[in-house]
Structure formats: C-alpha cells, structure tokens
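User: Could you take a close look at one part of this model with me? I would like to follow one helix and then the aromatic rings.

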Amino acid sequence: PRLRRLQTIDTHLRASVVLGLRYKTRVESWRPSQPSHLLTPSRSAPTCSSVLIMSQADDPRLVDGGIYVIIFLRGTEEDGQRSFHWGLYHHWGNKEGCKYHIKNVGQGWMSDHGRTGGVFKSIFLVGLMQIGYCDPQNKDAVKAVVEAHPVNTIPPGFGTLSCRTWTLYTVTALTAAGYVKCPSVQALESEISQWANREYDAAFNAVQPRSIVGSSVCGIHVPQ
C-alpha cells in the first residue's frame, strides 16, 4: 500500500509538471510576434476592468497639484494611424489623484471620472504631460470646471465628440478658470500627438518608467 501511495503521488507530481509547462508555453506564445504598427487591438477605450494591474510606487516626477493630459494606447485605425485614448489627471499627492475622461458606450458617450490610487496601473498608459496646476486643497474647483459641460454633446468649436475633443475642450475651460495657461489648443494638440507617437513603441513594449513631461506650449518644465 505504501508503494502504491508513492506511485500515486509521483503520478500527480508528473501531471502537475506537465500542466505547468503547458501553461507556461501558452503564456509565452501569447506575446505578439507582429510589429507594433501591424497589431490592431480593440479600438474601444481602455477601462479599469480590461487592464492588467501592476504594482508601482508613486513617481517623484509627479507634481502635487499638477494637472496633466494622460494618454493611453488604443491600437491603430483603419487608415493605419496610431490611435490614443485621451483624458485628464489631477495629482493630489501620495499616489492619489482624480482621472477625468469619457468613454464610448454603445451609440453615446459617458463620463468615467473618479479618484485613483495609482495612475500608473494600466499597461496601456503612454504617459502624462503636465499642462497646469491647482492646489490639491482646491480639487473640487477643478472637478466643477471639468463637469460643467454636458458629456454627450459635441464640444463648442469642435466638429465631433471624442475623448480627444472632450479633453481639448476641457483644457480651454481650465484655461478660462486660470488653472492652465494654454495660448493655443491646436498647438497643444499637435505637441501631445507628436509626443504620444514618439512614446508609442516604448509603451507597447512595457518599458518602464512611463514618460512624464511638461508642455512647452503651456510653459511647463518637468525635470527629467
């Protein structure tokens, strides 16, 4: 009986090793072999439920009170152009802040604003570009400005509604409120687009740390 039990244990161990090797093979084989510009992930905006959570400490480059445009990978469009998800982030300090963005749901758009304890948790994160400042003690003032415009309507001055146009319009509202100094939203859009495209491959390949820069258009300098 003892020999039989040992043989049974040995059989289970062998089975566990085989299953473990199969699992390892499947995980490794999942890694994309295509170049990043040929890979076309889902074009829908990334959400907290669809990303892999990674543990990462607060980055000392983040400025307490800093207002940032935050950019995420979103794949490629049908014309081959790289696509990004745009939003805003107000950093309060101690790894906390509020992320403001809208996402496409069915035929419409809805806000997905909320407090976050780790802005670096998404594997789709490209980086953050600081555009302004508001003392964290006045964070409700930023929230009021951001939420003043109806989410599901085309922003004034823009032909369409998207995460990008919503973000850029909200930048103009934050500028009017004095929290951002942006002389040209068109110049800011160009600056962000060029930066995001430069950082695309690094983000796709999960290079750490992610990029944090200051907007030259908005007169922000972030030490590297």
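Which residues are buried in helix α2 (residues 139-146)?

Analyst: Happy to help. This is a predicted model, where local features need pLDDT of at least 70, side-chain atom pairs count only at pLDDT 80 or more, and totals for chains, interfaces and linings use all residues. Residues are numbered from 1 along each chain as its sequence is written, and side-chain values use heavy atoms, without hydrogens and water.

In α2, the buried residues are V142, V145 and V146. Buried means under 20% relative accessible area, exposed over 50%, and partly exposed in between (1.4 Å probe, protein chains only). Helices (H or I, at least four residues) and strands (E, at least two) are DSSP runs, numbered from the N terminus. Down the axis of α2, its buried residues fall within an arc of 95°, so they line one face of the helix; the arc is that of the directions from the helix axis to the C-beta atoms. Their cover includes β1 (66-76), β2 (82-93), β3 (96-100) and α3 (163-176), with contact meaning heavy atoms within 4.5 Å.

Now the rings: there are 3 aromatic pairs. Rings of Phe, Tyr and Trp (its six-membered ring) pair if their centres lie within 6.5 Å; planes under 30 degrees apart count as stacked, over 60 as edge-to-face and the rest as tilted. Y68 and Y89 have ring centres 6.4 Å apart and planes at 40°, so this pair is tilted. Y68 lies in strand β1 and Y89 in strand β2, so the pair ties together parts 21 residues apart in sequence. Both Y68 and Y89 are buried.
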